[in-house]
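User: I'd like to go through some of the labels used for this model and see what backs each one up. Can you take me through them?

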Amino acid sequence: MKTKDNTVTAIDDVTISDDFIGRIANKNIEDLETSNLFLFPPKLSDIDDLDASHFLMMANSERIRTTNVMGIIGYKDERLFIGSRFDADNDYFFYYMLKRVLNMNVINTEVNMEHQSSFLELLIPLFPKLLNNAMKKGLYKEYKVQHHNDTNVKGTIDFKRHLKKNVPFLGNIAYNTREFSYENHVIHLIRYTIEFIKRRKSLRKVLYMNDITKENIHVIEENSTYFASIHLAKTIHLNIRRPVRHGYYFEYQALQRLCIAILRAESNYFKKNTNDEIYGILFDGAWLFEEYVNTLIGDRFIHPQNTKGIGRHYLFNAANGLIYPDFISKDALNGKIADAKYKPINNIRGRDYLQIIAYMHRFEADEGYFIYPFQENMNKTGENSLSLLSGVEHTNIREPNIKVVKSGIAIPSQKKDFNAFERAMYEEEIKLKNRIIQ
């Protein structure tokens, strides 16, 4: 079944089974998460727009309704694709945001969820980004017991092994030490995944797209010399049984799950009727659009990120009133606040106004911008400027230079091919940047 986010579908038009609906509807994202279901961004507890109580789909006897989540989710031999509501039937805007934010060139792989190989082709392009994110924390290491038999005793004596190896006594002592080691189940899993991707001619290029990825792969290879000594199936099972839990290595959790999914998908893990586990890739629409906007204006705006705890600000002293504005101008003399809104212009109201005015006051900004998407044929101007009033008569404009602007980016969803869509998007992006960065 194919649908769009924030869309109501009458039950008579639903083409997925009741069994499938029962597995995913009226359940929060946290309940659905498995080792083969990937959610972006991965840390639910820190996301304002999509938290653990958020549903993927609501359903009753008359209709089903999707939420702000986009992506692909599968169960047994059924697939549900949720595209962007700002797209036409071609889903180009959804794919375009994936390409800009996650470097996922999914158009070239001709994704078709009727075929399992296509799901694999969606997973593999994610590997470099998750690898690079994890490697920012350094190589994953764990304590490992090392067995020694020499004269340099510095650990716990292993009497049983000592009696077995050193009788009659020749000077050596059998002992064990507990040391940090990079030769562990997680690094071996990553190495298996790298070797697997290298064997796929159509997708191996994702490993060599930039110098950072190539360097990180080289580091993994240098520190996983014994990976082949453990069987692949055993390595996968060990990683399923022992997921990364240490808070410092949080980024390795998503990488570990991705590697498991890639290797299991290749081994026909998702074939019909062999698995009762939900799998797929889901994206919070608000997060994806915000990160897309950051690729456009990030060079001129600070982009706080609540999922990573980057760019924390407070409304009040003594660290009271934690806030994360989407974008704060780097220009101190021409203060601006920008807020990415993945919703139609008419739905930007109420709480949205209160939030941006508070941010403008806090950062002494004269201009605030709501950046939102709209289909090209739905809105001719893409911009609506609002002035702040004062007093109780609703007639006095407080200061003419203080304004809030709804500035949209037109989605040329009627284009016939993706290359034409990209060219048109580039032109619209230039227009948006000229309106906001001036």
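**Salt bridges and burial**

Analyst: Sure. This is a predicted model. Let's start with Lys 4, which forms a salt bridge with Asp 91; their closest N and O atoms are 3.8 Å apart. Lys 4 sits in strand S1 (residues 2–4) and Asp 91 in the loop between strand S7 (78–83) and helix H3 (92–102), so the pair ties together parts that are 87 residues apart in sequence.

User: Why is the contact between Lys 4 and Asp 91 called a salt bridge?

Analyst: The cut-off is a Lys or Arg side-chain nitrogen within 4 Å of an Asp or Glu carboxyl oxygen. Lys 4 and Asp 91 have their closest N and O atoms 3.8 Å apart, so the pair qualifies. Both Lys 4 and Asp 91 are buried, too.

User: How many salt bridges does that rule give?

Analyst: The count comes to 19. Another one is Lys 137 with Glu 251, at 3.0 Å between the closest N and O atoms. That pair also links distant parts of the chain: Lys 137 is in the loop between helix H5 (127–135) and strand S8 (142–150), Glu 251 is in helix H10 (residues 250–266), and they are 114 residues apart.

User: What makes Lys 137 and Glu 251 partly exposed?

Analyst: Buried means under 20% relative accessible area and exposed means over 50%, with partly exposed in between. Lys 137 has 27% relative accessibility, so it counts as partly exposed. Glu 251 has 25%, so it gets that label as well.

User: And Lys 341 and Asp 339, buried or exposed?

Analyst: Buried. Lys 341 is at 13% relative accessibility and Asp 339 at 5%, and the cut-off for buried is under 20%. They form a salt bridge with each other, the closest N and O atoms being 3.4 Å apart.

User: Which residues are linked in a network of salt bridges?

Analyst: Arg 191, Glu 195, Lys 198 and Glu 221.

User: What makes H3 mostly covered?

Analyst: Nine of its eleven residues are buried. Among them are Tyr 92, Phe 93, Phe 94 and Leu 102. Right after H3 comes Asn 103, with a positive phi near 55°.

User: How do you know that S13 and S14 pair?

Analyst: Pairing needs at least two bridges. Three bridges join S13 (residues 313–316) to S14 (residues 320–323), and the strands run antiparallel, so they pass. Phe 316, for instance, has Asn 320 in S14 as its bridge partner. The two strands form a hairpin with three residues between them, and Ala 318 in the turn has a positive phi of about 60°.

Conventions
Residues numbered from 1 in each chain as written. Predicted model: local features only at pLDDT ≥ 70, side-chain atom pairs only at ≥ 80, totals over all residues. Heavy atoms only, no water. Helix = DSSP H or I, 4+ residues; strand = E, 2+ residues; numbered from the N terminus. Buried < 20%, exposed > 50% of the residue type's maximum accessible area, 1.4 Å probe, protein only.
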